[in-house]
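Hi everyone, thanks for coming. I'd like to walk you through one structure today, starting at the ligand and working outwards. Let me put it up on the screen.

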Amino acid sequence: MTEILGIVNVTPDSFSDGGLWFDRDAAVRHAVGLVARGADIIDVGGESTRPGATRIAISEEQRRVLPVVRELVARGITVSIDTMNAATADAAIAAGASIVNDVSGGLADPEMDDLIVASGARFVVMHWRGQSDTMALNARYRDVVSEVLGEIEYRAAQLIIKGVDPSRLIIDPGLGFAKHAAHNWTLLGHLDRFTALGLPVLIGASRKRFLGELVPGSAHASERDLASAVLAALAAREGVWGVRVHDVTMTRAALDVAAAWTAGAEEPAGERM
Ligand code: PMM
């Protein structure tokens, strides 16, 4: 079954849900609700990565996320920490987080690799070409699939050489990060190249701008949930390990349909009820 990572952004400015879960208790309540609706993992982030976002102090990031991580772990929830800072990842792991979801794949903080080697946590190697203020300039590719794949493989190999067991790695093409809509669709159309690497693949497409460009009348991010759920189902059929989403209810239904379809395909065609 495809894992659902439910997003909890403890930020005042994320592009789709900024400010909604900024208060600690509201963030915890929201996360518990996501688990009740079918999330397998909660991805907690304290810093917005939307295009043009300004970076915040590490102390402020930790003030936002650590109490939420602690509270969720105490309730038996599997937590992933969405951070580019090794110090925050370290503190979150100490608080019980079991996955570090670094949108820079370890490139933003030179301390991140060593922390991951030492920590035993799982690590998301997302494709990234620079902070959000330079992202648009870096969206240049001759062959987007081969370049994104090659850059991810290079990062994964560096981590493995340093001592990270491959079973701890998850890869992510980083939709929307230094990618225009056409790049995202080309990457999704060639997901088999990513799954063929043999590492679990995570897809984060939920509510992103390229879905808004496709679906008329979805100027507001929350109007992109149906498109996000359909995309999750198609990605699941391609064999991805997980999807990172805002609307867990719709995603759960979409993934259940995809799983039933896959099970149907495994039945002998001539079977009579
Ligand atoms: N996208 C965002 C944040 N974190 N993590 C992973 N692994 N993959 C993504 O695509 C990704 C991410 C930006 O979206 P948000 O502002 O809705 O959290």
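Here is something to look for while you get your bearings: which polar backbone atom lies 3.2 Å from an oxygen atom of the ligand? The residue that supplies this backbone atom is Gly204. Before I go on, please keep in mind that this is a predicted model.

Let's stay at the ligand. Lys208 also approaches an oxygen atom of the ligand, this time with a polar side-chain atom, at 2.7 Å. On the nitrogen side, a polar side-chain atom of Asn101 sits 2.7 Å from a ligand nitrogen atom. How much of the ligand does the protein cover? Taken on its own, the ligand has 420 Å² of accessible area, and the protein covers 98% of that.

There are 15 residues around the ligand, and those that come nearest are Asp82, Asn101, Asp172, Lys208 and Arg244. If you sort the shell by class, you get six nonpolar, five polar and four charged residues. Hold on to some of those names, since we'll meet them again in the strands.

So, on to the sheet. In what order do the strands come? The sheet is open, with eight strands in the order S6-S5-S4-S3-S2-S1-S8-S7, and the pairing is parallel. The edges are taken by S6, residues 169–172, and S7, residues 202–203; each has a single partner strand, so one side of each is left without a neighbour in the sheet.

Let me go along the sheet, beginning with S3 and S4. S3 covers residues 79–82 and S4 covers residues 99–102, and three bridges pair them in the parallel sense. Here come two familiar names: Asp82 stands opposite Asn101 in S4, and both are among the residues that come nearest to the ligand.

On to S2, residues 41–45. Is this strand enclosed or open to the outside? Five of its five residues are buried, so S2 is largely enclosed by the rest of the structure. As a reminder, in a regular strand the side chains alternate between the two faces of the sheet. In S2, Ile41, Asp43 and Gly45 point one way, while Ile42 and Val44 point the other way, and all of them are buried. S2 pairs with S3 in the parallel sense over four bridges, and Val44 has Ile81 as its bridge partner in S3. Five bridges join S2 to S1, residues 3–9, again in parallel; there, Asn9 is partnered with Gly45.

Carrying on from S1, we reach S8, residues 242–245. S1 and S8 run parallel and are joined by four bridges, with Leu5 standing opposite Arg244 in S8. Arg244 is another of the residues that come nearest to the ligand. S8 is covered on both faces, with Gly242 and Arg244 buried on one side and Val243 and Val245 buried on the other. Then comes S7, joined to S8 by two bridges and running parallel to it; Ile203 has Val243 as its bridge partner.

One last stop, away from the strands: Arg155, in helix H5, residues 144–162. Is this arginine, Arg155, buried or exposed? Arg155 has 7% relative accessibility, and because the cut-off for buried is under 20%, Arg155 counts as buried. Leaving out residues up to four places away in sequence, Arg155 touches Gly105, Gly106, Leu107, Asp113 and Val125.

That's my tour. Thanks for listening, and I'm happy to take questions.

Terms used. Residues numbered from 1 in each chain as written. Predicted model: local features only at pLDDT ≥ 70, side-chain atom pairs only at ≥ 80, totals over all residues. Heavy atoms only, no water. Near = heavy atom within 4 Å. Polar contact = N/O pair within 3.5 Å; in protein donor to acceptor, adjacent residues only side chain to side chain. Areas by Shrake-Rupley, 256 points an atom, 1.4 Å probe, with all protein chains shown as cover. Nonpolar A, V, L, I, M, F, W, Y, C, P; charged D, E, K, R; others polar. Pairing = 2+ DSSP bridges. Buried < 20%, exposed > 50% of the residue type's maximum accessible area, 1.4 Å probe, protein only. Contact = heavy atoms within 4.5 Å.
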